Amino acid sequence: MKRPVRTSFFLPYRSPVRLPTPAALACALSLLLAPASSHAQVPVAVTRTAADPVAPLLQHGVSRELATTRFAAISDLRYDLSLDVTAPDSALGHVAIHFMRHGTGDVIVDFRGRRLTSLSANGTTLDASAFNGNHIRVPAKALLNTENALEFSFVTDIAANGASIIKTHDTDGSDYLYTLLVPADANQLFPCFDQPDLKARFTLNLTAPSDWKVIGNSPLIEAQVEGARLRHRFATSEPISTYLFTFATGPFIEFTEPGAQTPVRLFARRSRAERMAREAGELFRINRAAMNWYAGYFAHAFPFPKYDL
């Protein structure tokens, strides 16, 4: 059955439009053409300057343009990083960034941590305005055409989530800390050039409670007692991307694979120590098989001095 064709439509009521009278139009025109009174506000002239070409690079995140510019300007990159993680909700840090500079422009460093407390370039203190909450702009006049050293002191968060240092409270009351920097959160932990193609060597000094174990990218060199704390110094790493930098610390229980050519260690929470003692051997076997398979597939031996699980 065909639907009937609608032949009528409801039109909502609209009030009639009132046109202005000739007298009203004349009054409005006289007001427009009247000379300005002595009390009229005079517009303020605005002086415009040329746009800052670096400004777009200082926005949140790392743009392709910023990454490309820095890759061409920076080489031989090293980070000397010190962190104190003994406070419950924040870490105190200091980093010295060493690099060779190519070119004549400003250098932009990334940082999104809680607070920046000092900043300098080659021994010269930088104004606090160089930091905008996302990046630190180091002016060209403070840089050298050879090796440069930038130094920053900072505070960064320790939290159960949303931070670069994650804090886990275990069922037995123990606390554990670990970093999670993938894919682009190293600059939330410390000032750095946070892009994967600017690989760097890292030297870490980590201060933690004296009864905690510490794990880093490189082997531990020494530990110095500082009251109820221990200051751990690690060997300088091989060149790695910022997102691969890592550490973990807490009252871990350590297991070591016997007879391994590359030292392999497994760290378990204290509350899981009994179970891990039963399963460590099998985990080491599976991990060894995987390492051997990858070495054969890539025709390249495991490139680092140790492997931690």
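# A guided tour of the pockets, core and termini

By class, the residues lining the largest pocket comprise 16 nonpolar, seven polar and three charged. The model under view is a predicted one, and the tour begins at this pocket before turning to other parts of the chain.

**First stop: the largest pocket.** The volume of the largest pocket is about 580 Å³. Its lining counts 26 residues, and those closest to the centre are G216, N217, L244, T246 and D308. Select these five residues to place the centre of the pocket on the screen. Next, colour strands β11 (213–216) and β17 (307–308), each of which supplies at least two residues of the lining.

**Second stop: the cavity.** How many cavities of 30 Å³ or more does a search of the whole structure find? The search finds one, and about 60 Å³ of space lies in the largest cavity. Rolling a probe the size of a water molecule over the atoms shows where empty space is left. To display the lining of the cavity, select F202, T203, L204, G216, N217, S218, F234, A235, S237, F245 and T246. Which strand gives the most to this lining? Strand β10, residues 201–209, does so with three residues. The lining of the cavity divides into five nonpolar and six polar residues, with no charged residue. G216, N217 and T246 are listed in the lining of the cavity, and they also appear among the residues closest to the centre of the largest pocket.

**Third stop: the chain as a whole.** Switch to a cartoon view, in which the chain has four helices and 17 strands. Of its 309 residues, 37% count as buried. The chain exposes about 19,200 Å², and carbon and sulfur atoms supply 58% of that area. Among contacts between residues at least 6 apart in sequence, 69% join residues at least 24 apart.

**Fourth stop: R70.** Select R70, which is found in helix α2 (residues 64–73). Is R70 buried or exposed? R70 has a relative accessible area of 3% and is therefore buried, the cut-off for this class being under 20%. Leaving aside residues up to four places away in sequence, R70 touches V62, I108, V109, D110, F193, D194, Q195 and L198.

**Fifth stop: T125 and D127.** Move to T125, whose place is in strand β5 (residues 124–125). T125 counts as exposed because its relative accessibility is 65%, and the cut-off for that class is over 50%. Not counting residues up to four places away in sequence, T125 touches L119 and S120. A distance may be drawn from T125 to F152: these residues are 27 apart along the chain, and their C-alpha atoms are separated by 10.0 Å.

D127 is found in the loop between β5 and β6 (135–138). D127 also counts as exposed, with a relative accessibility of 53%. From D127 to R137 the separation is 10 residues in sequence and 9.9 Å in space, C-alpha to C-alpha.

**Last stop: confidence.** Colour the chain by pLDDT, which averages 88, with 84% of the residues scoring at least 70. Over residues 1–19 the pLDDT is below 50, and this stretch has zero contacts in the model beyond near neighbours in sequence. Residues 24–49 also stay under 50, and for them the model has one contact beyond four places in sequence. Where pLDDT is low, the predicted coordinates should not be read in detail.

Key. Residues numbered from 1 in each chain as written. Predicted model: local features only at pLDDT ≥ 70, side-chain atom pairs only at ≥ 80, totals over all residues. Heavy atoms only, no water. 1 Å grid on protein atoms, 1.4 Å probe; cavity = no way out; pocket = protein on both sides within 12 Å on 5 of 7 lines; lining within 4 Å. Points joined across faces, edges and corners; volume = space filled by probe spheres on them. Nonpolar A, V, L, I, M, F, W, Y, C, P; charged D, E, K, R; others polar. Buried < 20%, exposed > 50% of the residue type's maximum accessible area, 1.4 Å probe, protein only. Contact = heavy atoms within 4.5 Å. Areas by Shrake-Rupley, 256 points an atom, 1.4 Å probe, with all protein chains shown as cover. pLDDT = per-residue confidence, 0-100.
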